[in-house]
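Colleague: Could you take one part of this model and describe it closely, in terms of what surrounds it and which contacts it makes?

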Amino acid sequence: MNDQMNDHVHDRMSESATFTEQLQDRFVETQKSLPGAHESWVRVLRKSAMDQVVSQGMPNTRHEAWKYTDVKKYLDRLLADSVEMPSLNVSEEMLTAFSFDDLDSLRVVMIDGKVSQALSSLKNIPAGVRIESMADMFAKEPDVIEAYLHDQHVSGAFAALNNAMMSDGVYLEIPDGVVVEQPLHCLFLSASGDSASYHIKNLIVAGECSQVTVIEHYASIGESTAFINAGTDVELHAGGRLEHYKLQQSGSKEVNIGSIRVHQHRDSYYHSHSVAFGAALSRRDIHVEMNGEGAECALNGLYLVGGRQHVDHHTRIDHVRPNCRSRESYKGVIDGRARAVFNGKVVVHENADQTDSAQSNANLLLSDQAEIDTKPDLEIYADDVKCAHGATVGQLDMKQLFYLRSRGLSEDEARNVLMFAFADEVLTAIKVPQVRKYLERIAFEKLPHGAELDGLLG
Amino acid sequence: MLKIENLYASVAGKEILKGIDLDVKAGEIHAIMGPNGSGKSTLSNVIAGRDGYEITQGSVIYKGKELLEMSPEERAWEGVFLAFQYPVEIPGVNNTYLLKAGLNAKRKHMGLDELDAIDFMQIVKKKADLVELDHSFLSRSVNEGFSGGEKKRNEIFQMAVLEPDLALLDETDSGLDIDALRIVAGGVNKLRSPDRAVVLVTHYQRLLDYIEPDVVHVLADGQILKSGGKELALELEKRGYDWVLQEATA
Ligand SMILES: Nc1ncnc2c1ncn2[C@@H]1O[C@H](COP(=O)(O)OP(=O)(O)O)[C@@H](O)[C@H]1O
Ligand SMILES: [Mg+2]
C-alpha cells in the first residue's frame, strides 16, 4: 500500500528523481550483502557516494559531459538484481577465444562480476606481489585498501554509483622495486543472458620503481545485456611504470561504462591503451593526475564501431606539477549509423611550468550516417608550457585508393587495407606482441569488407 | 595493343583531352612529349582508370577490349601499369604486401596459382637489385618518407615485379639524377619484348638517349599535334614546342 502511494508521488516528480530514488531503494536493500558491510568506513563511503548519486541525478544529455551520449534507455538495467545471479557454467575451453596466443600471463577471470578462483591462474607471482579479489580484501583486509578508497571525491554519477555499489574486482599490489614480467590479464566476462548490472572495482597500487603490465579485458559469451559500471583506481608511486590495456570487446547488447583514475607520483610513467570494439553503448573516462615532477603519461585509444553502436571517450590529464609530459592519440573508424564521441581535456595548473603536452584525435567516417563529436579542450594556467592539440575527421584518401587498385588490389581489399593501416597506427604502440596480434585480428574482422589478413601484418 | 580513338575527357566541366588518337603496337615504345598542362597525366590516368574524369567521346581498346569499361584493378590484372608522376605515400601499408597482393590477384585472374612466400620473396629481391633499391625499402610503408628519386625507382621496381604488358610512365625521369635515370631506363629496357608496349611521358630528350622510342608524339592542349620518329624528340629539344603549335594552327 505504502509502495503504491510512493509510486504516485514519483509519477508527479521528474523522471530522473524517480529513477535515482528507485536506485537508492535498491542500494538500501542490497548494501548489507555488499562486501565490507561490517566496516564503518566502507559503509560511510558507500552511503555518501549514494547520496551524491541522488543529489546529482544520473547523467542525461543536458549535462555537458554527457551531451552526446544518452544512457537513459539503458538505466533500468541498473535496477535488475545482480547479486544472486546464477552464472552460466564457463569452462576453461570457452576462455581460449579471449586469450593471447602463447602469452605467458597471470590471469584473473571474473564471471558476471565475481572473481572465479577456479578459472584464474596465478603461478609464479614474484615475492611480495599481491593479486586478490577485491571482495576478499573488503572482507578480510579492509585496512589495506582504506587509504586508497575512503577519501574519494569522484566526479560523475557513474563513478559515485560505482563507489556505492562496488562488489568485486581485482586488487593488485606491487612492492617497491619489483618488476613483474608476466602481464596480468584480468578477464571480465559476461556470461548471463539476463539484464544485470555489475559494479566492478579494481585497485592497482604500484610501488616505487616497480613495473607491471595490466590488461583489463571486457568480453562476453552469448547474448549478454549486462550493464557494466567499472572503476579502476591506480596509484603509481615514484618511478613506477604501468602499461595499462583496456580492451572493450563487450557483446553487442551490453552497456560498458567505466572510469579509470590515475594518481601519478614523481617520475612515474603511465601508458594507457584503450581499445573499444563492442557494446551497444560504451563510455570510458580516464583521469590522470600528474602529481609529481617528471611524471610522464601516454594515452592511446582506438575505437572501431558500426551498426548503431555508440562509443564515448572522455579523458582528462591534470598537469599539477612542473616538468611533466603527456601524450595522447586516439583514432576512430566509424561506420553505419554509429556515433563516436571524443573529449580530451588537458589542464595545466598554475606553476606547472615546463609542461609538454600533445594530443590528437583522428577519425575516419565510412558512411554518411556515421557521426563523430570530437573536442580537444585545453586549460592553461601556467606560463612556460608547450601544448599542441588537434582533431581531424575524414574519409579514405581517393589517391591512395586508386594507387592500390592500380596495382591490382580489388576495391574492397584496397579500402580494407587503408582502414586497417589507419587503425593499426594505434595498435603498433602495443608492447606485448601477442596482445597486438589479437587486437589486429579483431580490428581486421570488424572492418566492413572481410579480406585476408596474413601478410598485411607481416 | 592499345588503340585510342577520338578520346575526349573533361574534369569538373573543363575539357582537357580533345580528340586523342593513338595506336601503340606490341613491341613498340612511344614517347609523348608536350608542354605542362597539355593533358599528358590526364591521358595516363584515364588509361589506368582513375575516377573523376568524364569521358564524353571516344574509345580506348586494349588487347581488343574496351578499357573504359573496366575497373582500375581489372586493367592491372589485364597487364596495364601506370608509373605515377607523383607516387602517393601510404603510411602503414607495407611495400611488399602491396606487391604480393597485386601480383597474386593478377595471377589468379590469369588462372595461375598464387606464389608462395618464398618464391615471391625471391622475385622481389631480384627485381629490387635490378633497380638498385636497397632491400630495406621492401619492408617500409609504400613511399612513406622516400625521397623523390626513391619514389620513382620504387615505381619502376613495382613495374618490374608486376611485369605489365602495357607500361605507362608518367614523367618517371623528372627529378632524377643521371645515375637514377640510367637505372630507370635499365628497368624499362629489361621489360622490353615483342609482346609488350611502353608509353613514356617525358619532358626531356635525355631519357630517350637510353630508351630508344619507335614513335614520338607531341601532345598540346589536349590533342596530338604531331607524331614522328625519334628524331622529332631531338628537334623538340632544340626548338621547343612553339613551332609545332604554330604549324598546327597554320
Ligand atoms: N582534378 C583536376 N581538376 C581541375 N583541373 C585539372 C584536374 N586535373 C588536371 N587538371 C587540368 O587539366 C590540365 C591538364 O593537366 P595534366 O593532365 O596534369 O597535364 P600535364 O600532365 O600534361 O602537365 C591542366 O590545365 C590541369 O590544370
Ligand atoms: Mg603531368
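Modeller: Strand 2 (14–24) and helix 1 (40–48) of chain B each supply at least two residues of the shell around ligand 1; helices (H or I, at least four residues) and strands (E, at least two) are DSSP runs, numbered from the N terminus. This is a predicted model, in which local features need pLDDT of at least 70 and side-chain atom pairs count only at pLDDT 80 or more, while totals for chains, interfaces and linings use all residues. Residues are numbered from 1 along each chain as its sequence is written, chains are lettered from A and ligands numbered from 1 in the order in which they are written, and side-chain values use heavy atoms, with hydrogens and water left out.

Helix 1 of chain B gives the largest share of the shell, three residues. The full set around ligand 1 (a heavy atom within 4 Å) is made up of B:Val11, B:Lys14, B:Ile16, B:Pro35, B:Asn36, B:Gly37, B:Ser38, B:Gly39, B:Lys40, B:Ser41 and B:Thr42. By character, the shell comprises six polar residues, three nonpolar and two charged, with Gly counted as polar.

Polar contacts (pairs of N or O atoms within 3.5 Å) involve both side chain and backbone. From the side chain of B:Lys14, an N or O atom is 3.1 Å from an oxygen atom of ligand 1. The backbone contributes through B:Ser38, with a polar atom 3.2 Å from a ligand oxygen, and through B:Lys40, where a backbone N or O atom lies 2.8 Å from an oxygen atom of ligand 1. Ligand 1 taken alone exposes 560 Å² (Shrake-Rupley method, 1.4 Å probe), of which the protein buries 61%.

Notes
A polar contact is a pair of N or O atoms within 3.5 Å; within protein, one must be able to donate a hydrogen and the other to accept it, and residues adjacent in sequence count only if both atoms are side-chain atoms.
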